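Welcome! Please take a moment to look over the sequence and the 3D view before reading on.

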Amino acid sequence: MQATESGLDQLLLKNRSFRALWVASTCSFLALSTYLFAEQWYILRVLKLDAYLGLVLILTLLPRIFLMVFGGVIADRFKKSIILRYSSLIRLTFVLFLLFVYHLELLTIVPLAVFAFTFGCIDAFFSPASASLLPLLVSKDDLTRANSILQTSNQMALFSGPLLGGLLLTFSSFHFLFLTIALFLLLASLGTLFIREHPVDNPTRTSAWLELVQGFHYVFADQYLRRILFLLIIINFFFFGPLLMGIPLLVDRVLGGQALDLSYLQGAYQLGMLLGAAWIGFNHSINQSFRLLLSLIGLLGVGLGLLGQIGHVWQGVLLLLTMGGISSIINVLILTTIQTTTRPQMMGRVMSLVNAASNGLVPLSYAALSLSLSFEVRLEQILLFCGYGIVFVVCAAFVRIR
């Protein structure tokens, strides 16, 4: 069995287009994770405006919600590799301009917010194009393994980004950190030059608006996709929003840590996602039922509630390592099921709607968290409440599907 799996991996890795997508995706995730780390730490320790952290994160992710849906339409109409290339090049240009503004010592909260908004707008077109391109490069039999490899490398990139950022800021400065982000984006754009995608026959092309409506109708006509969208919207409000914004605040306010402590916690979550993606890549027989997804999401809620009660960095590392592994398993299961059951002509729109649902309520979650903190509600209480909220939603869903 091990020899067979090794042979399948070798065949998959001989696919030049898949390798090119692998490089481009990994470098893009490295750029994103390092940029988000730099953005958060610059606000907390240089500008010392932690009250604006949620606002800037909202501006980074909010355009993804609206533009990602249209990005799916674009991905279904044009070559996806071209979209990936220009998305990387435009983000590279803005990062270099950000470095120039920082060099002039003009990088205050306003220009930083503008850069965050722009970065989010351009990145919105990368995700649906990347997710819908993979089924065109590999066979259906290889999708689970290909998703596992991509998710493993992407999570390794997300794991490495905060650690790299912490190390660079410890021994260097933001100048070199921004240059590193620009280098990752350059490599991502160069990787797309080697992708050869098979064209998708779409003879019924109409207006972009009508194609967007068709995408919504296709998703909501499918019972599984409807359930997935509902869970993604609800769970991301209670989990990913508090988690992404809560980790730096937990380090700064509760644990009183330094940049490396933030790197350890963020890196632990990404390492968990890496291990989870690697594990599921060798367990194709795992049950992909909706009940399994609900159970795993419930475990995330329990972990989030416990995270707010930690008193030491090592406790957070263990919790985030576990939650990262569970998150990655959920992600690979959902992606593979959707990619194998969706028509190729609708892949971009379906993946964009799924991604938009995954991030749809995260900015609102940031706003709710910032508002709660402004009323002096303790972060520990907020995380505990959100964990209980996830468990409640999961229990209600279990009752409904009986």
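The report below visits two helices, two loop residues, the salt bridges and the cysteines.

## About the model

This is a predicted model, where local features need pLDDT of at least 70 and side-chain atom pairs count only at pLDDT 80 or more, while totals for chains, interfaces and linings use all residues. Residues are numbered from 1 along each chain as its sequence is written, and side-chain values use heavy atoms, with hydrogens and water left out.

## Helix 2

Let's start with helix 2, which covers residues 16-47. Helices here are DSSP runs (H or I, at least four residues), just as strands are (E, at least two), and they are numbered from the N terminus. The expected span of a helix is 1.5 Å times one less than its number of residues. For the 32 residues of helix 2 that gives 46 Å, and the end C-alpha atoms are 45 Å apart, which agrees. Along the way, helix 2 bends by about 30° at Trp-41; the bend is the angle between axes fitted to the seven residues ending at a residue and the seven starting there.

Both ends have something to show. At the N-terminal end, Asn-15 acts as a cap, with a side-chain oxygen 3.1 Å from the backbone nitrogen of Ser-17. Just after the helix, Lys-48 takes a positive phi of about 55°. Helix 2 is also mostly covered, as 23 of its 32 residues are buried. Buried means under 20% relative accessible area, exposed means over 50%, and partly exposed lies in between (1.4 Å probe, protein chains only).

## Helix 5 and its salt bridge

Helix 5 spans residues 109-123. From its first C-alpha to its last it reaches 21 Å, close to the 21 Å expected. Of its 15 residues, 12 are buried, among them Phe-115, Phe-119 and Asp-123.

Asp-123 deserves a second look, for it forms a salt bridge with Arg-91, the closest N and O atoms being 2.9 Å apart. Asp-123 lies in helix 5 and Arg-91 in helix 4 (residues 80-103), so the pair ties together parts that are 32 residues apart in sequence. Both Asp-123 and Arg-91 are buried. A salt bridge here is a side-chain nitrogen of Lys or Arg within 4 Å of a carboxyl oxygen of Asp or Glu.

## Another salt bridge

How many salt bridges does a search of the whole structure find? It finds 2. Besides the pair already met, Glu-380 forms a salt bridge with Arg-378, with the closest N and O atoms 2.9 Å apart. Glu-380 is buried at 16% relative accessible area, whereas Arg-378 is partly exposed at 49%.

## Two buried loop residues

Thr-192 sits in the loop between helix 8 (174-191) and helix 9 (208-220). With 0% relative accessibility, Thr-192 counts as buried. A polar atom of its side chain lies 2.6 Å from the backbone oxygen of Ser-189. Leaving aside neighbours within four places in sequence, Thr-192 is in contact (heavy atoms within 4.5 Å) with Ala-24, Ser-81, Leu-84 and Arg-85.

Phe-239 is found in the loop between helix 10 (223-238) and helix 11 (240-255), and is buried at 0% relative accessible area. Beyond its neighbours within four places in sequence, Phe-239 has contacts including Tyr-269, Met-323 and Ile-390.

## Cysteines

The structure holds 0 disulfides, a disulfide being a pair of cysteine sulfur atoms within 2.5 Å. Cys-27 is buried, with a relative accessible area of 9%, and Cys-386 is buried at 8%.

Key
A polar contact is a pair of N or O atoms within 3.5 Å; within protein, one must be able to donate a hydrogen and the other to accept it, and residues adjacent in sequence count only if both atoms are side-chain atoms.
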